[in-house]
Amino acid sequence: MALLKVKFNQKKRVKLAQGLWLMNWFSVFAGIIVFSMGLFLKIELRKRSEVMDNSESHFVPNSLILMGILSCAFNALAGKICYDSLDPTKFAKWKPLLKPYLVLCFFFNFLIFFIALICFLMRGSLETTLAYGLKNGMKFYRDTDTPGRCFMKKTIDMLQIEFRCCGNNGFRDWFEIQWISNRYLDFGSKEVKDRIKSNVDGRYLVDGVPFSCCNPSSPRPCIQYQVTNNSAHYSYDYQTEELNLWNRGCREALLLYYSSMMSSMGGVVLFVWLFEVSVMVGLRLLQTALESIANPEDPECESEGWLLEQSLTDTFKSALESLKKIGKFNQVDAGAEGAEGEEGGKTPAISTVS
């Protein structure tokens with residue numbers, strides 16, 4: 001028994017073809033939107049590529065761009081097919097190509113669904129990428145005179161100001177690295193010497209943060225140096241008082257920004273997938289309805305359209321049997337080639353009579 005069997009007359013076939021033609025052009029517009037989202041996400045990721053550890057995060061925008069281009073191409077072609085289906089002479093040239101086209105549409109819709117899932121599941125990978133990238137970026141903050149790293153200070157400062165964050169996980173991350181360049185340290189000073197000697201790595205570590213960590217909404221002037229020294233500031237207790245620094249780490253801020261963006265894009269892609277599936281189902285019904293016309297010379301006659309010629313179970317069994325036949329055929333070919341090789345390797349024995 002056929003799956004999703006529907007009876008059509010001439011009027012219904014025309015309405016279905018016209019509706020599908022319109023839906024395909026809406027899908028072309030949706031493909032442009034998907035392409036634009038991928039391009040926007042790629043630009044946003046490239047802006048902060050210095051604080052990302054690898055390029056795996058670009059898989060999503062690259063996939064969105066590719067799917068957007070393919071969606072425009074597939075649906076523009078499907079729109080042309082639906083338009084030509086109203087004319088039997090024009091439809092005849094598309095008839096042998098429809099089945100391969102529908103198979104391609106099936107795999108294309110599978111890829112769209114896969115990319116939609118990836119948009120929702122990229123949070124873990126993105127978190128790891130940001131954690132390592134920000135940690136390395138903070139290490140190079142002081143290298144303002146090093147070629148290739150001189151821009152890192154500006155990148156980190158602009159990042160902390162824009163996203164209202166400080167450090168990787170929090171402002172205390174700056175206490176563990178030397179973020180002040182040696183160029184601006186007085187090595188003749190006893191304080192500098194003592195701080196450098198106080199740790200094994202010989203780094204100048206301070207309980208301070210860059211200016212970009214300061215919260216401008218705080219009524220108190222920013223305390224960015226000697227943050228944990230209560231005696232260095234009047235009426236100050238860093239353990240009880242709310243600091244005038246950003247408390248949120250930049251990893252959390254960026255992760256929230258990108259994951260919410262990707263989740264929104266995943267929702268849009270999921271909607272596009274549902275729309276594409278409905279177009280594919282409609283095109284399959286149109287194809288079978290046109291092919292099952294009993295009398296092609298009488299366009300007014302009724303016909304039947306279906307999604308699958310057999311039930312879902314029978315179709316699955318037929319597919320398995322086809323795959324088994326293909327496998328057996330390959331085995332037979334391999335055995336025949338092996339037998340030919342053995343015969344060719346044998347040389348006839350020649351006996352001489354003396």
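Author: A salt bridge is a side-chain nitrogen of Lys or Arg within 4 Å of a carboxyl oxygen of Asp or Glu. The model discussed here is predicted.

Reader: What makes E127 and R251 a salt bridge?

Author: Their closest N and O atoms are 2.8 Å apart. The cut-off is 4 Å, so the pair qualifies. E127 sits in helix 5 (residues 123–139) and R251 in helix 8 (residues 250–291), so this pair, 124 residues apart, links distant parts of the chain.

Reader: Why is E127 called partly exposed?

Author: Its relative accessibility is 31%. Buried requires under 20% and exposed over 50%, so a value in between is partly exposed.

Reader: How do you know that K80 and D84 form a salt bridge?

Author: The closest N and O atoms of K80 and D84 are 3.5 Å apart, and the limit is 4 Å, so the pair counts. Both residues are in helix 2, and because they are four residues apart, about one helical turn separates them.

Reader: Which of the two, K80 or D84, is buried, and why?

Author: D84 is buried, because its relative accessibility is 1% and the cut-off is under 20%. K80, at 38%, is partly exposed.

Reader: What makes E162 and R48 a salt bridge, and where do they lie?

Author: Their closest N and O atoms are 3.1 Å apart, so they fall within the 4 Å limit. E162 is in helix 6 (residues 152–163), while R48 is in the loop between helix 1 (10–47) and helix 2 (59–84), 114 residues apart. E162 has a relative accessible area of 51% and is exposed, because exposed means over 50%. R48, at 7%, is buried. Both residues belong to a network of salt bridges with E44 and K47.

Reader: How many salt bridges are there in the whole structure?

Author: A search finds eleven.

Reader: What makes the space lined by N24, F74 and others a cavity?

Author: A cavity is a set of points where a 1.4 Å probe fits but cannot get out, so the space must be closed to that probe. The search finds two cavities of 30 Å³ or more, and the largest has a volume of about 70 Å³. Helix 2, helix 4 (98–121) and helix 8 each give two or more residues to its lining.

Reader: How do the residues lining the second largest cavity divide?

Author: They divide into seven nonpolar, two polar and no charged. Among the lining residues are G68 and S71, which count as polar because neither Gly nor Ser is on the nonpolar or charged list. Helix 2 gives the most to this lining, with four residues.

Notes: Residues are numbered from 1 along each chain as its sequence is written. This is a predicted model: local features need pLDDT of at least 70, side-chain atom pairs count only at pLDDT 80 or more; totals for chains, interfaces and linings use all residues. Side-chain values use heavy atoms; hydrogens and water are left out. Buried means under 20% relative accessible area, exposed over 50%, partly exposed in between (1.4 Å probe, protein chains only). On a 1 Å grid over the protein atoms alone, a cavity is a set of points where a 1.4 Å probe fits but cannot get out, and a pocket is an open set with protein on both sides within 12 Å along at least five of seven lines; lining residues have an atom within 4 Å of a point. Grid points are joined across faces, edges and corners, and a volume is the space filled by probe spheres set on the points.
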